[in-house]
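Could you walk me through reading a protein model, one feature at a time? I would like the general idea and then the case at hand.

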Amino acid sequence: MIDLHTHSTASDGTMSPSALVEYAKTKNITTLALTDHDCIDGIMEAQEKAREIGITLVPGIEISVQWPTGEFHLLGLGLCSCSPELSSVIGYLKEERKRRNIRMAEKLQEKGIDISYEEVAENAGTTAIGRPHFAKILVEKGYVKKSQQAFDQFFAKGRPCYVERVGIALEDAVKAIKTSGGIPVQAHPLSMYVSWGKMDDTMIDIQMRGVEGLEAWHPGTRVSEAFKLEELAFKLGMVATAGSDFHGEKVRADRKIGCTTGGKKIEDKFWEENLKPAIMKVHKDGLLDFKL
């Protein structure tokens, strides 16, 4: 099996980069992409472990993009370096993430909940702090029983402590990925909240702006929809990928590494026939080797 979308403790996953790779090995994963949110901090550790135990590690990132509807995340798959453009994007998003987290902490305090940004940051174990880290503290302090309750009560869109996320312009995200040797792939396209009637035109527009692939198979997509997205990618000449969006065994228990929507095991074709040829056109030496 393979998996082209996973997260570690470098962002909001629960396993360290090396532990994630080791876990993937126990699940018979042969190719694994590490795509932490807005950061590349875990890639070197994961790459070293992958070489040690015999897994192909696809260095990646998942960038938050500013979009008028829903949510737009852009995967960068097959990175070989961190270009000045990517470094700038990461720096900007890091500052915006901090601003958002400080405001969420302020809103919690306004509700009489004794949690500070500094407390969350100290306990997070990562610079890519997000809502899951706030939820964890709320559970530990007894304000809620489960993390999902924290989202439902405080952090989901429309709830009292929600703060809108600021993303980067799509063109800047695409440039950051391409100058770092990666392939820009739109993650979970249905998160844009675009109707099927407008999906073709929207994807054509996104493709014209430099995005080369779309994640057709994702746990948040129905099987029938995944087939439609894969067909759309084929029609447009885009790379179709598949991932689990795995964050760890204790987070989103429905998401299993190496599996996607409908519990389907992720087929090797998404790597060997789809993504790998696209990456190899960029990596002319044929190597997946990330260097800082």
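Below is a dialogue between a learner and a teacher about this predicted model.

Q: Let's start with cysteines. How many disulfides does the structure hold?

A: In general, a disulfide is a covalent bond between the sulfur atoms of two cysteines. Here the structure holds zero disulfides. Take C82: the nearest cysteine sulfur belongs to C39 and is 11 Å away, and C82 is in no disulfide. A disulfide would need the two sulfur atoms within 2.5 Å.

Q: Is C82 buried, partly exposed or exposed, and what about C259?

A: The idea is to look at relative accessible area, where buried means under 20% and exposed means over 50%. C82 has 29%, so C82 is partly exposed. C259 has 16%, so C259 counts as buried.

Q: Now the strands. How do β1 and β2 run relative to each other, parallel or antiparallel?

A: For a strand pair, look at the direction and at the bridges. Strand β1 (residues 2–6) and β2 run parallel, joined by three bridges. One of the residue pairs to look up is T6 with its bridge partner L34 in β2. Between the two strands the chain passes through helix α1 (residues 17–26), and this β-α-β crossover is right-handed.

Q: Which strand pairs with β2 over four bridges?

A: That is strand β3 (residues 56–65), and the pairing is again in the parallel sense. A33 stands opposite V58 in β3.

Q: Which way do the residues of β2 point?

A: Follow the side chains along the strand and sort them by direction. In β2 (residues 31–34), T31 and A33 point one way, whereas L32 and L34 point the other way. Residues on both sides are buried.

Q: What should I look for in the backbone, and what is phi of H188 near?

A: Most residues other than glycine have a negative phi, and most peptide bonds are trans. Against that background, H188 has a positive phi, near 25°. H188 sits in the loop between β5 (183–187) and α8 (196–208), and is buried with a relative accessible area of 6%.

Q: Where is D245 found, and what is its phi near?

A: D245 is in the loop between β7 (239–242) and α10 (269–282). The phi of D245 is near 55°, a positive value in a residue other than glycine. This loop residue is buried, with a relative accessible area of 6%.

Q: Let's turn to E249. Where does E249 lie, and is E249 buried or exposed?

A: E249 lies in the loop between β7 and α10. Its relative accessible area is 52%, so E249 is exposed.

Q: Which residues does E249 touch?

A: A useful habit is to set aside sequence neighbours up to four places away; on that basis E249 touches T14, M15 and Y23. The side chains of E249 and Y23 are joined by a polar contact of 3.3 Å. It also helps to compare separation along the chain with separation in space: E249 and K136 are 113 residues apart in sequence, and their C-alpha atoms are 15 Å apart.

Q: Now another glutamate. Where is the place of E230, and is E230 buried or exposed?

A: E230 is in helix α9 (residues 223–236). With a relative accessible area of 17%, E230 is buried. Leaving out residues up to four places away in sequence, E230 touches A216, W217, A240, K269 and F270.

How values were computed. Residues numbered from 1 in each chain as written. Predicted model: local features only at pLDDT ≥ 70, side-chain atom pairs only at ≥ 80, totals over all residues. Heavy atoms only, no water. Buried < 20%, exposed > 50% of the residue type's maximum accessible area, 1.4 Å probe, protein only. Contact = heavy atoms within 4.5 Å. Pairing = 2+ DSSP bridges. Right-handed = clockwise from strand over helix to strand, strands pointing away. Polar contact = N/O pair within 3.5 Å; in protein donor to acceptor, adjacent residues only side chain to side chain.
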